[in-house]
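Biologist: I'd like a close look at the helix packing in this one, and at whatever loops and sites sit around it. Please keep it chatty, but give me the cut-offs as you go.

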Amino acid sequence: MNELIQIIEDDISVKKLLEIALKEYKFRSISCENKKSAMMLFLTHNPSLLIVDLGLPDGDGKEFIKQIREISKIPIIVVSARHDEKEIIDALDIGADDYITKPFSINELLARLRVALRRNTHDEKILDKIICTDIELNIASRDIFFKAEKLKLTPIEYELLKYFLLNTNKTLTHKQILKEVWGIGYQNEMQYLRTYVNTLRKKIEENSTRPTYIKTESGIGYRFSCHKD
Ligand code: CA
């Protein structure tokens with residue numbers, strides 16, 4: 001059966017646009033316009049992914065995301081008119097998987113939606129190997145290969161690259177990365193992160209000033225990009 005996408009959006013024209021686009025790409029969808037009915041729909045329909053607007057008539061979509069994260073790991077994509085970096089970071093930090101600002105391209109949204117859905121099915125399997133373009137991680141042996149050659153990495157470089165490989169094509173905030181790789185208490189040590197991203201880039205990017213893997217999301221964090229998979 002086709003995946004069911006739940007839309008929470010109070011702007012009727014955007015909601016309609018999303019419904020039509022999803023239908024065209026063979027997704028099923030259900031929609032609602034506020035937080036209250038969103039929770040009810042979520043609990044009764046068991047969707048595969050949520051598209052959430054932040055400015056909702058009965059409150060902030062972030063509160064809804066928080067409530068969902070207490071009970072579910074469902075992929076969540078925020079679609080919002082708020083361009084403020086802090087809003088984006090907050091939404092990602094409380095558990096959204098991705099963020100798209102309005103006006104947005106439907107193709108871009110669909111691409112991110114597919115990535116989020118695919119990542120979710122990956123999570124359920126026990127992975128022994130992750131392949132991202134020219135990079136291959138063997139989880140059991142802790143070896144990472146770049147173009148079939150074994151990479152020499154420091155322990156932190158390894159953990160950082162592994163975290164990126166487990167979260168490909170996803171915007172990760174500085175805080176998230178620092179917390180996951182360095183640990184709680186390091187969330188604000190931006191310089192550590194910058195330093196290690198630089199050394200990693202030198203090892204895996206053809207041109208470290210124009211990276212194709214570790215993309216900078218200005219003011220927010222990084223996105224590890226896989227070009228084909
Ligand atoms: Ca709105």
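**Loops, helices and a metal site**

Modeller: Let's start with R142, which is partly exposed at a relative accessible area of 44% (buried is under 20%, exposed over 50%, partly exposed in between, with a 1.4 Å probe and protein chains only). Before going on: this is a predicted model, where local features need pLDDT of at least 70 and side-chain atom pairs count only at pLDDT 80 or more, while totals for chains, interfaces and linings use all residues. Residues are numbered from 1 along each chain as its sequence is written, and side-chain values use heavy atoms, with hydrogens and water left out.

Back to R142: its phi is positive, about 60 degrees, although it is not a glycine. You'll find R142 in the loop between β9 and β10 (143–146) (strands are DSSP E runs of at least two residues, helices H or I runs of at least four, numbered from the N terminus). T133 is also a non-glycine with a positive phi, about 50 degrees, in the loop between β8 (129–132) and β9 (135–138). At 17% relative accessibility, T133 counts as buried. For another backbone quirk, try K102 to P103: that peptide bond is cis, with omega near -5 degrees. P103 belongs to the loop between β7 (98–101) and α5 (106–124).

Now the helix packing you asked for. Take α7 (residues 174–181), where H174, Q176, I177, L178 and V181 are buried. Their cover includes α4 (85–93), α6, β12 (171–173), α8 and β14 (221–224). After α7 comes G183, with a positive phi near 115 degrees.

The axes of α7 and α8 come within 10 Å and cross at roughly 85 degrees (axes are lines fitted to C-alpha atoms, for helices over the stretch in contact, with angles from 0 to 180 degrees between N-to-C directions). The two are therefore roughly perpendicular (65 to 115 degrees; under 35 is roughly parallel, over 145 roughly antiparallel, the rest oblique). H174, I177 and L178 of α7 meet M190, Y192 and L193 of α8 (contact means heavy atoms within 4.5 Å). That contact has 5 nonpolar residues, 1 polar and no charged (Ala, Val, Leu, Ile, Met, Phe, Trp, Tyr, Cys and Pro are nonpolar, Asp, Glu, Lys and Arg charged, the others, Gly among them, polar).

Next, α6 (residues 155–166) and α8 (residues 190–204): the axes come within 10 Å and cross at roughly 80 degrees, which makes α6 roughly perpendicular to α8. I156, E157, L160, L161 and F164 of α6 touch L193, Y196, V197, T199, L200, K203 and I204 of α8. Here the split is 9 nonpolar, 1 polar and 2 charged.

Zooming out, the assignment, automatic or from a database, gives domain 1 (4–124) and domain 2 (129–224). Their C-alpha centres lie 27 Å apart, and the contact takes 10 residues from domain 1 and 13 from domain 2.

Last stop, the calcium ion. Its protein donors are D10 (OD), D53 (OD) and G55 (O), at 2.2 to 2.4 Å (donors are N, O and S atoms within 2.8 Å of the metal, 3.2 Å for Na, K and Ca; water is not among the atoms, so sites may look incomplete). Along the chain the spacing reads D-x42-D-x1-G. D10, in the loop between β1 (4–8) and α1 (12–24), and D53, in the loop between β3 (49–52) and β4 (55–56), are 43 residues apart and link distant parts of the chain. D10 is partly exposed at 30%, whereas D53 is buried at 5%.
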